[in-house]
Structures are given as structure tokens and as C-alpha cells.
Amino acid sequence: MSETNPNHGNSVTIENFCTEKHLAYIMQAGQNTQEFATGDEIIFWSGEALKNWAAEKDGSMLVAINQDMEIVGFLLAIFDEGRTATLENIHVRESFRKQGIASKLLNEFENRAARVGMKKLRSFCHTTNTAMSNLLIRHHYSEGILTQWYVSQPSLVNCGSEESGFQIRKINIGDVDQITYANFSSILISDLDHQDTPSLDLAQIIHGAFLNGSLVGLMTASAHKPTSKATIERIFIDRSKEASTVIKSLILSSAKYLAMQDISCVTIHPFTEKNVSLDLMALLDALGFKKRRVFVMNLKSVKTSNDKEKS
Ligand SMILES: CC(C)(COP(=O)(O)OP(=O)(O)OC[C@H]1O[C@@H](n2cnc3c(N)ncnc32)[C@H](O)[C@@H]1OP(=O)(O)O)[C@@H](O)C(=O)NCCC(=O)NCCS
């Protein structure tokens, strides 16, 4: 029977995750939460990944503690150097739900993300997860966009022959001049900035594709070393070039680079409803990426203290 009490949430405090005190609970709850499954099985973080992550002490792992000093909820997020904070998992113990505890966790996550300079908040949830999507709407996240979850081990990304004629190398934001950039179109994955002039502000690792010395494509990825996880964030291709050959070369080179950085899992989230993403998905299938479930992606811009004063 549910022991719900609408006032419980008020007496809950939000604290930092502590490996010694909270690891066992989070592992147990995480491994049994169907909503965390990206495919048929629930694959939760390993204990080692959670420990490494906590050692960062960046305030991205939170627990909700009740008056009896029990854990009643947790929130795990990745703050990446590209200034996007991704909400990876949020969970409230069943008998403590609907008392505002997730809202408290989310508020604290947003405050901390703002404090460490994050610009965007991002969340992925199952299309059937009404509780989560209502929670996000209540917290003013964007209307969700459907994305296809693809995952691979970087060392397994392979297309047989690698001869493409492109030269791929890691580049910095400053290496890209705005004129070249204006000729690029964005391949639609993972974020909502695609209608704006492409901007690399959110890039952490950038690979450029060159043909006869000219830049013809770019791919950005964010990597999180404590969990050995990376995400391919954005792809821009020169409009006059055949996109799939450029993208293939960029993905292969980035995967090699990520494997050398000890990244063991790379994800990419093409939008399912855009034609160009369908081509990208066919390419990911050919490169050996595993297709998981369709997820709803919701975004929110982080309010600075100036924005808050104005509103
Ligand atoms: C999603 C979850 C974290 C919500 O936790 P919670 O503490 O019950 O949420 P809150 O009490 O803070 O609710 C805040 C808002 O979320 C929405 N919400 C929460 N539970 C809901 C439900 N069962 N049905 C519909 N809306 C719901 C409501 O809009 C609610 O505001 P309201 O009560 O004023 O209407 C919880 O249901 C959970 O742990 N689910 C399993 C794990 C999961 O799905 N995580 C998300 C994937 S990462």
C-alpha cells in the first residue's frame, strides 16, 4: 500500500551524492527502473562509473533525504565542457512520489547548472513517460522532439574500407572562419539550434573534414571521462557536398579519437521526423551503431541572474 503524505516533500533536503552512503541504494534503484532502459534491457551505470563521477565533485549528482535520513530520490546529470547539462536520471522512491520531491531535485539541478556556467539543460525520456514529461512541462522545458537513440562502442565503429578522399583532423573553434561556415547546413541531431546560424559554442571536441585543403564538414562531440561516455552533438556539412560520405569519414575519425581517450560508449540522437536524419540513421546502421528506443528530448535555456532580474 502506498504511504503517500502530501507534506513529506516539504521536509526533504537535497544533498550531494556521497559514494559511501548512497551508492548501494542508487545502484539498486537504477538497475530496477524500467524508465532508464534505452532498449529492451535496463543498463544502468556501473558502481565504478558512479564513483568516478562523484569524485569530480561538480555538484551534478544529487540525493533527496527525508527526516529519517533515508534516501527518497536522486538525480544524476552530466555537466559537460560544452556547457550543456544533461539530466541522465531522476528517480523518486515509489511511496514518496507526487509530493514535489522530483521538483525539488530539478530546481536544485538547475540552480547548480547555472552556478557552474551551463547554458542549456537537456533531458531524454521515453515517449510513454507521462510523469516525466509533465514534470518537464511544469519546469518550462521546450516541447519535446522525437529522437532515435543510437549507441556504439567507439572501437567497434567500422565501415570496412576507409578510403574517402577527405582529410579529417581535430580542430578548434578559432580555426573556422565565418564565411566558410555560412555555406554549411546543419544535420539535425540532439539540439534545437539548427535554425540559427551554426555556432560552435557548445562544442567540446571538433573534427573537421577537408577536401583539397578546404573545410567541407564539421562534427562536434562532448565527452564525459568519469563515465567514459561521449555524445556526438552536431554535424555541419558544406551544402555543395554529398553529405553521407563526409559524415561517414567524420564519424569514423571521431570514434577512433574517442577510443584513444578511453571512451567506451558513444551515443548519437538523430531527430526521427526530419528527412535528413533518416539518411543519417541509415548510415549509422551501416556503421554498426545499435538502434535503441525513440526518446523525447526536451531542452531549456539556463537563466542567468540578469535574466531572472528582468523577468
Ligand atoms: C518522474 C518522477 C521522478 C516524478 O517524481 P515525483 O516526486 O513524483 O514528482 P513531483 O511530485 O515533483 O511532481 C512534479 C510534477 O510532475 C508531474 N507528475 C509527477 N508524477 C506524475 C504522474 N504520476 N502523472 C502525471 N504527472 C506527474 C506533475 O506535473 C507534477 O506536478 P503537480 O503535482 O503539481 O501536478 C517519478 O515518477 C519517478 O521516479 N519515476 C520513475 C523514474 C523516471 O521515470 N525517471 C525519469 C526518466 S530519467
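Leaving aside neighbours within four places in sequence, which residues is I251 in contact with? The residues are V157, M219, I232, L284, L287 and F289. That list opens a way into this structure, which is a predicted model.

Start with the chain as a whole. The chain has 311 residues, and 52% of them count as buried. It contains 8 helices and 13 strands. Many of its contacts reach far along the sequence. Among contacts between residues at least 6 apart in sequence, 72% join residues at least 24 apart. The accessible surface comes to about 15400 Å². Carbon and sulfur atoms hold 46% of that surface.

Now go back to I251 and its surroundings. I251 is among the residues with the most contacts inside the largest nonpolar core, together with I235, I247, L258, I268 and F289. This core has 31 residues. Several elements each supply at least two of its residues. The strands among them are β9 (205–211), β10 (214–224), β11 (229–238) and β12 (265–268). The helices are α6 (243–260) and α7 (275–286). The largest share, 8 residues, comes from α6. A second core is separate from this one and has 26 residues. Its members include A64, L75, L106 and F109.

Next comes the ligand. It is surrounded by 20 residues, and the closest are I90, K98, G100, N129 and R138. Three polar approaches can be followed to oxygen atoms of the ligand. For V92, a backbone N or O atom lies 2.8 Å from a ligand oxygen. For Q99, a polar backbone atom is 3.2 Å from a ligand oxygen. For N129, the side chain is involved: one of its N or O atoms is 2.8 Å from an oxygen atom of the ligand. The ligand on its own has 920 Å² of accessible area, and the protein covers 80% of it.

Which elements give two or more residues to the shell around the ligand? They are β4 (84–92), α3 (101–115) and α4 (130–138). Of the elements, α4 gives the most, with 5 residues. The shell is mixed in class: 8 residues are nonpolar, 8 are polar and 4 are charged.

Two loops deserve a look for their backbone angles. Most residues other than glycine have a negative phi. K57 is not a glycine, yet it has a positive phi of about 50°. K57 is found in the loop between α2 (47–55) and β2 (61–65). Is K57 buried or exposed? K57 counts as exposed, because its relative accessibility is 74%, and the cut-off for exposed is over 50%. H140 is another residue other than glycine with a positive phi, near 65°. H140 lies in the loop between α4 and β6 (145–152). With 64% relative accessibility, H140 also counts as exposed.

The loop between α2 and β2 also holds G59. G59 is buried, because its relative accessible area is 16%, and buried means under 20%. Not counting residues up to four places away in sequence, G59 touches N16, F79 and R112. L76 is 17 residues from G59 along the chain, and the C-alpha atoms of the two are separated by 9.5 Å. This one loop therefore holds both an exposed residue, K57, and a buried one, G59.

Note on methods:
Residues are numbered from 1 along each chain as its sequence is written. This is a predicted model: local features need pLDDT of at least 70, side-chain atom pairs count only at pLDDT 80 or more; totals for chains, interfaces and linings use all residues. Side-chain values use heavy atoms; hydrogens and water are left out. A nonpolar core is a set of buried Ala, Val, Leu, Ile, Met, Phe, Trp, Tyr and Cys residues joined through side-chain atoms within 4.5 Å. Buried means under 20% relative accessible area, exposed over 50%, partly exposed in between (1.4 Å probe, protein chains only). Helices (H or I, at least four residues) and strands (E, at least two) are DSSP runs, numbered from the N terminus. Contact means heavy atoms within 4.5 Å. A residue is near a molecule or strand if one of its heavy atoms lies within 4 Å of it. A polar contact is a pair of N or O atoms within 3.5 Å; within protein, one must be able to donate a hydrogen and the other to accept it, and residues adjacent in sequence count only if both atoms are side-chain atoms. Accessible areas come from the Shrake-Rupley method with a 1.4 Å probe; for residues, only the protein chains shown count as cover. Ala, Val, Leu, Ile, Met, Phe, Trp, Tyr, Cys and Pro count as nonpolar, Asp, Glu, Lys and Arg as charged, and the others, Gly among them, as polar.
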